[in-house]
Amino acid sequence: MRVGVHINRFDHSGGGPALGAELAAAGGAAEAAGVSWLSVMDHYFQMEFNDGAEDPMLEAYTTLGFLAAHTSAIRLGALVTGVTYRHPGLLAKIATTLDVLSGGRATLGIGAAWYGREHEGLGVPFPPVAERFERLEETLRICLQMWDPKTDGPFEGKHYRLAETLCVPAPLSAPHPEIMIGGGGEKKTLRLVARYGDACNLFTTSPQEVRHKLDVLRGHCDTEGRDYDAIRKTVAYGGDPATEGDLDAFTRDIAGYTKLGIDTVILSPRLGETSAWMESFVAPAVQRLAELD
């Protein structure tokens, strides 16, 4: 089982002027610790349950481009891109640019979006949830069409119409950047994972609940004629032991997930300064999880 890190706070004690150096240090520390995945949120405002909308927030793909320049091996992505935030053709181009400039290390993490306040605050349309899922599926289809070197023609959907799906230069990742679909909705989200996803991301609610979600995913894969084992399974862990640096408690929390085929546990600490924490907690956690059976 591998370890990823999700940077979800930017409230550095030095304020905005300190964020560039801190993120560069965090990227270097993550690679030194043996972390396989590094992600940031895709939000305009900080989440209200993560202290509040008025707290600092950086735009996701600009931040990922910065991290790409300060890392060399770690996989990079947003956890996860809100489908409503960018036109899908533009999103495919943005993800491709990240993949090219990072040397083929980009993942397109994507979901149906949920944070109404930031949409209303910045004047971004926020359609009802059913429409957002329709747009999510069309966006996935558009990205795959743009990443197919044999297809650059039009796309005609219910919500999006593109005259040309040109994407030059092409992504470096083969056959295309990994698509990670976030969320555990059993009727829609996990069906989309089975149909389009290369990876899924679930929450560590309990080993029993995650096992159930994976069983649902397996059923959708059977329906779609998809190889369940070809989909990378990840879980997001935001428990207090990670933030508090309690390695033994963290190991106890994770132990129940080791038999479920989870590839990566993504730590989500509520910390504004993560570089030192990478050295003190994440590096030992990488070693500890590697030893779990």
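These are my notebook entries on the cavity and the salt bridges I looked up in this predicted model.

**Entry 1: the cavity**

I began with enclosed empty space, and the count came to one cavity of 30 Å³ or more. The volume of the largest cavity is about 60 Å³. I then asked which residues line the largest cavity, and I wrote down Ile7, Arg9, Phe10, Leu19, Glu22, Leu23, Ala26, Leu271, Gly272 and Thr274. Sorting this lining by residue type gave me six nonpolar, two polar and two charged residues. Helix H1, which covers residues 19-33, supplies the largest share of the lining, with four residues.

**Entry 2: salt bridges, and the pair Arg86 and Asp42**

Next I turned to charged side chains, where the count came to 18 salt bridges. One of them joins Arg86 to Asp42, and the closest N and O atoms of this pair are 2.8 Å apart. Arg86 sits in the loop between strand S4 (81-82) and helix H3 (88-101), while Asp42 sits in the loop between strand S2 (37-40) and helix H2 (60-69), so this salt bridge ties together parts that are 44 residues apart in sequence. I also looked up whether the two partners are buried or exposed, and I noted that both Arg86 and Asp42 are buried.

**Entry 3: the pair Glu137 and Arg191**

I went on to the salt bridge between Glu137 and Arg191, in which the closest N and O atoms are 3.5 Å apart. Here the link runs between distant parts of the chain, since Glu137 belongs to helix H5 (residues 129-146) and Arg191 to helix H6 (residues 189-196), 54 residues apart. Glu137 has a relative accessible area of 17% and is therefore buried, as the cut-off for buried is under 20%. Arg191, with 22% relative accessibility, counts as partly exposed.

**Entry 4: the pair Glu186 and Lys213**

Another salt bridge that I looked up joins Glu186 and Lys213, with the closest N and O atoms 3.2 Å apart. Because Glu186 lies in the loop between strand S8 (178-182) and H6, and Lys213 in helix H7 (residues 207-224), the pair ties together parts that are 27 residues apart in sequence. Glu186 is partly exposed, with a relative accessible area of 30%, whereas Lys213, at 16% relative accessibility, counts as buried.

**Entry 5: a network**

Last, I asked which residues are linked in a network of salt bridges. I found Arg2, Glu178, Arg232 and Asp263 linked in this way.

Technical notes:
Residues are numbered from 1 along each chain as its sequence is written. This is a predicted model: local features need pLDDT of at least 70, side-chain atom pairs count only at pLDDT 80 or more; totals for chains, interfaces and linings use all residues. Side-chain values use heavy atoms; hydrogens and water are left out. On a 1 Å grid over the protein atoms alone, a cavity is a set of points where a 1.4 Å probe fits but cannot get out, and a pocket is an open set with protein on both sides within 12 Å along at least five of seven lines; lining residues have an atom within 4 Å of a point. Grid points are joined across faces, edges and corners, and a volume is the space filled by probe spheres set on the points. Helices (H or I, at least four residues) and strands (E, at least two) are DSSP runs, numbered from the N terminus. Ala, Val, Leu, Ile, Met, Phe, Trp, Tyr, Cys and Pro count as nonpolar, Asp, Glu, Lys and Arg as charged, and the others, Gly among them, as polar. A salt bridge is a side-chain nitrogen of Lys or Arg within 4 Å of a carboxyl oxygen of Asp or Glu. Buried means under 20% relative accessible area, exposed over 50%, partly exposed in between (1.4 Å probe, protein chains only).
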